Amino acid sequence: MTKNIAVIRGDGIGPEIVNQAIAVLEKVASLYGHTFNFTDVDMGGCAIDKWGDPLPQEMLEKCVKSDSVMLGAVGGDKWNGVPGEMRPEKGLLRLRAGMGVYSNNRPAKIWPQLSSASPLKQSIVDKGIDFIIVRELIGGIYFGEHKTDEKNGESQAIDILSYTESEIERIGRIGFETARKRSKRLCSVEKSNVLDSSRLWKKVMHRLSEEYPDVELSDMLVDNCAMQIVKNPAQFDVIVTENMFGDILSDEASMITGSIGMIPSSSLGDGSCGLYEPIHGSAPDIAGKDIANPIGTILSAAMMLRYSFGLENEAQAVENAVSKVLDMGCRTADIMPSDKGEAEKCRKISCSECGRLIVENIKKQ
Ligand code: IPM
Ligand code: MG
């Protein structure tokens, strides 16, 4: 199989983690006889510095024309002063919208090797943490009108949150389809006691549920959901929610699994070209130090193999290699146990060593 992959290293730790994911994809290609062609794309702060634009049009076109996009992270304090439209994050939002990837899939799963890294009580962790957040990615308040003007002699800032029925329906279907492949339980998260957009969300979800009689639909208010995720995460299997709620809840969900550095994501639209990125940010404070955790990015590469290229065995080979390296007690700094006794059983490794060990442990399934 030959695939063209657009590669966005981005800012901060982006380049170092993406380099490890590319090494993983190259190993998969050589083991299984595939050809992956990589094309560099500038996006984020580095694109602002080079081109004066966080996502120049020709960069977006390279991504849209590719078979899939691998992304590290964008942003950093250096570009905090630039106007909203020109921020590094705006490049990411334009990329998501330009690729039409409305469905963002963020798994929150605890690796058995890391159960002591969760900040939750062991009795809660032992009940199991394995759920997915299906986040709407190209609508809602992120893409509504944004403006700052004057009102009665002071500044006023406005961000509009709107959803159409069809935008809710298409992500709702992904939620139901995802639940259908798992435990057949779907939790729709909104704020229907306050927001019109959430009332419409709830109505559309219930209308859709008639088409999925085998899936049990429940509703939960977002504030309650934030609480339930730390109180009893085992109750969740698939959560479907709007853009900003999904952003916030997925950070919370990732943390209870031990480290945000472990969590991959896929973003898909109606075609097979997807955007694959870890859910963490660019961590400028540790950039260039070779201490970041590349596993979230490597697992995103595994998701690319599975969801965009249909290469299930190859995806599993990567996931098994990650598991093997964790079994060996190798840990990047973010997942080193805080308990001294536990830490003595582990070995602290760098970002590049972590990538190299995973590559070495990829075996044909
Ligand atoms: C994420 C990030 C982005 C988002 C930022 C960087 C724009 O937090 O992918 O979760 O809010 O979607
Ligand atoms: Mg986020």
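Tutor: A polar contact is a pair of N or O atoms within 3.5 Å. Keep that cut-off in mind; this model is predicted.

Student: Which residues surround ligand 1?

Tutor: Look around ligand 1 in the model. The residues surrounding ligand 1 are Glu89, Arg96, Arg106, Arg135, Tyr142 and Asp247.

Student: How far is an oxygen atom of ligand 1 from an N or O atom in the side chain of Arg96?

Tutor: Start from the cut-off: the two atoms must be N or O and within 3.5 Å. Here an oxygen atom of ligand 1 pairs with a side-chain N or O atom of Arg96, and the distance is 2.7 Å.

Student: What about Tyr142: how far is its polar side-chain atom from an oxygen atom of ligand 1?

Tutor: Apply the 3.5 Å cut-off again. Tyr142 offers a polar side-chain atom to an oxygen atom of ligand 1, at 2.6 Å.

Student: How much of the accessible area of ligand 1 does the protein cover?

Tutor: Take ligand 1 on its own, with 320 Å² of accessible area. The share covered by the protein is 78%.

Student: Are helices H8 and H9 roughly parallel or roughly antiparallel?

Tutor: H8 spans residues 222-231 and H9 spans residues 243-256. Their packing angle is about 10 degrees. Angles under 35 degrees count as roughly parallel. H8 and H9 are therefore roughly parallel.

Student: How many nonpolar residues are in the contact of H8 with H9?

Tutor: Val222 and Ile229 in H8 are among the residues that meet H9 residues, including Phe245 and Leu249. By class, the contact has no polar residues, one charged, and the nonpolar count is nine.

Methods
Residues numbered from 1 in each chain as written. Chains lettered and ligands numbered in written order. Predicted model: local features only at pLDDT ≥ 70, side-chain atom pairs only at ≥ 80, totals over all residues. Heavy atoms only, no water. Axes fitted to C-alpha atoms, helices over the stretch in contact; angles between N-to-C directions. Helix = DSSP H or I, 4+ residues; strand = E, 2+ residues; numbered from the N terminus. Parallel < 35°, antiparallel > 145°, perpendicular 65-115°, else oblique. Contact = heavy atoms within 4.5 Å. Nonpolar A, V, L, I, M, F, W, Y, C, P; charged D, E, K, R; others polar. Near = heavy atom within 4 Å. Polar contact = N/O pair within 3.5 Å; in protein donor to acceptor, adjacent residues only side chain to side chain. Areas by Shrake-Rupley, 256 points an atom, 1.4 Å probe, with all protein chains shown as cover.
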